[in-house]
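Subject: Structure handover

Hello,

Here is the structure I promised to pass on. Please open it alongside this message.

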Amino acid sequence: ADETEAEKEGGDEEMTFVRPTRGRWAVLAGLCGILVWGGSGLAQQSEKTLRLIPPGYLAPRFVAPPDAPSTIVVAAKDEPGERLIVTGQVLDGARAVPGASIYVVQADASGRYSKRDPDTDLNARLYGFMRSDANGQYRYETVRPGHYGPKTNPSHVHYVVNAPGYKPRMLDLRFDDDPVIAARRKGGIPDDDGFAPGWMVVRPVTRDASGAWHVTRDLEMIRE
């Protein structure tokens with residue numbers, strides 16, 4: 001589906017991840033609100049960042065089918081880039097949440113969501129649907145996403161997570177070895193951009209003998 005269809009599903013208040021301009025100011029309209037970055041970092045944060053998820057991502061098309069597997073391949077073996085294996089668990093505190101819907105979407109290794117316009121997450125090539133297994137676990141194989149937008153924007157994977165009895169959540173996975181993360185830390189920019197804990201998480205990565213990267217990203221749910 002294209003961006004216009006998603007906007008219709010989300011209504012007038014739809015907010016989406018967009019490719020920012022590289023001018024003096026870059027506006028990131030996205031994860032639960034609007035972040036405005038200036039030369040020195042985070043300059044302003046909208047009240048809408050208090051949302052758990054932008055309205056458009058509540059659409060049924062972002063919910064995994066009931067029989068979706070817990071393990072998938074998002075990027076085929078011939079997709080350019082360094083292979084990445086992501087594992088994790090959907091949790092309510094220390095308790096596993098089985099059967100949760102997990103939608104992941106990312107840019108490719110060159111930092112593009114799509115090879116055609118509009119180049120946004122709503123028009124992405126690399127995405128997938130999972131359901132957490134009986135132990136709340138999930139796994140997907142992909143490539144490491146590239147950077148896009150301003151210099152302060154780390155590479156990342158977006159998640160939309162739904163489960164009965166819990167609030168839908170939009171979350172991010174970021175990578176601890178990302179040079180942008182190191183530069184942000186030197187500049188005093190917080191890893192989570194000031195969002196509530198668990199929304200934007202920076203995780204350590206390791207590399208196996210075959211050259212594939214591994215990272216774990218647990219997903220904490222919030223009861224309704």
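What follows is a short account of what turned up in it. Note that this is a predicted model.

**The sheet**

Start with the open sheet. Five strands make it up, in the order 8-7-10-11-12, with mixed pairing. The edges belong to strand 8 (126–131) and strand 12 (200–203). Each has a single partner strand, so one side of each lacks a neighbour in the sheet. On average, neighbouring strands here are turned by 20° against each other, direction ignored.

Two pairings are worth a look. Strand 7 (residues 101–106) and strand 10 (residues 156–162) run antiparallel, joined by six bridges. Within strand 10, Val 160 is the residue opposite Tyr 103. Strand 11 (residues 169–175) pairs with strand 12 in the parallel sense, over four bridges. There, Arg 174 has Val 202 of strand 12 as its bridge partner. Add helix 2 (residues 179–186) to strands 11 and 12 and you have a right-handed β-α-β unit.

**The cores**

The largest nonpolar core holds 32 residues. Ile 102, Tyr 140 and Tyr 159 have the most contacts inside it. Several strands supply at least two residues each, including strand 5 (83–92), strand 9 (137–143) and strand 14 (213–216). A second, separate core has 13 residues, among them Tyr 57, Val 105, Tyr 113 and Met 170.

What does Ile 102 touch, leaving aside its neighbours within four places in sequence? Its contacts include Ala 64, Val 90, Phe 129, Met 130, Tyr 138, Tyr 159, Val 161 and Leu 219. Gly 128 and Ser 132 are also in contact with Ile 102.

**Aromatic pairs**

The whole structure gives ten aromatic pairs. Tyr 138 and Tyr 140 are stacked, with 6.2 Å centre to centre and 15° between the planes. Tyr 138 has a relative accessible area of 3% and Tyr 140 has 0%, and with the cut-off for buried at under 20%, both count as buried. Phe 195 and Trp 199 form a tilted pair: 5.4 Å centre to centre, 35° between the planes. Phe 195 is buried at 5% relative accessible area. Trp 199 is buried too, at 6%. Ring pairs also link Tyr 57, Phe 62, Tyr 103, Tyr 127 and Phe 129 into a cluster.

**Backbone points to check**

Most residues other than glycine have a negative phi, and most peptide bonds are trans. Two places depart from that here. The peptide bond from Asp 117 to Pro 118 is cis, with omega near 0°. Pro 118 lies in the loop between strand 7 and strand 8. Asp 193 is not a glycine, yet has a positive phi of about 55°. The loop between helix 2 and strand 12 contains Asp 193.

Is Asp 193 buried or exposed? Its relative accessibility is 2%, and buried means under 20%, so Asp 193 counts as buried.

**One more loop residue**

Arg 61 sits in the loop between strand 3 (41–45) and strand 4 (71–73). Its relative accessibility is 26%, so Arg 61 counts as partly exposed. Arg 61 and Tyr 103 are 42 residues apart along the chain, and their C-alpha atoms are separated by 9.7 Å.

Best wishes

How values were computed:
Residues are numbered from 1 along each chain as its sequence is written. This is a predicted model: local features need pLDDT of at least 70, side-chain atom pairs count only at pLDDT 80 or more; totals for chains, interfaces and linings use all residues. Side-chain values use heavy atoms; hydrogens and water are left out. Buried means under 20% relative accessible area, exposed over 50%, partly exposed in between (1.4 Å probe, protein chains only). Two strands pair if DSSP finds at least two bridges between them. Axes are lines fitted to C-alpha atoms, for helices over the stretch in contact, and angles run from 0 to 180 degrees between N-to-C directions. A crossover is right-handed if, with the strands pointing away from the viewer, the path from the first strand over the helix to the second runs clockwise. A nonpolar core is a set of buried Ala, Val, Leu, Ile, Met, Phe, Trp, Tyr and Cys residues joined through side-chain atoms within 4.5 Å. Contact means heavy atoms within 4.5 Å. Rings of Phe, Tyr and Trp (its six-membered ring) pair if their centres lie within 6.5 Å; planes under 30 degrees apart count as stacked, over 60 as edge-to-face and the rest as tilted.
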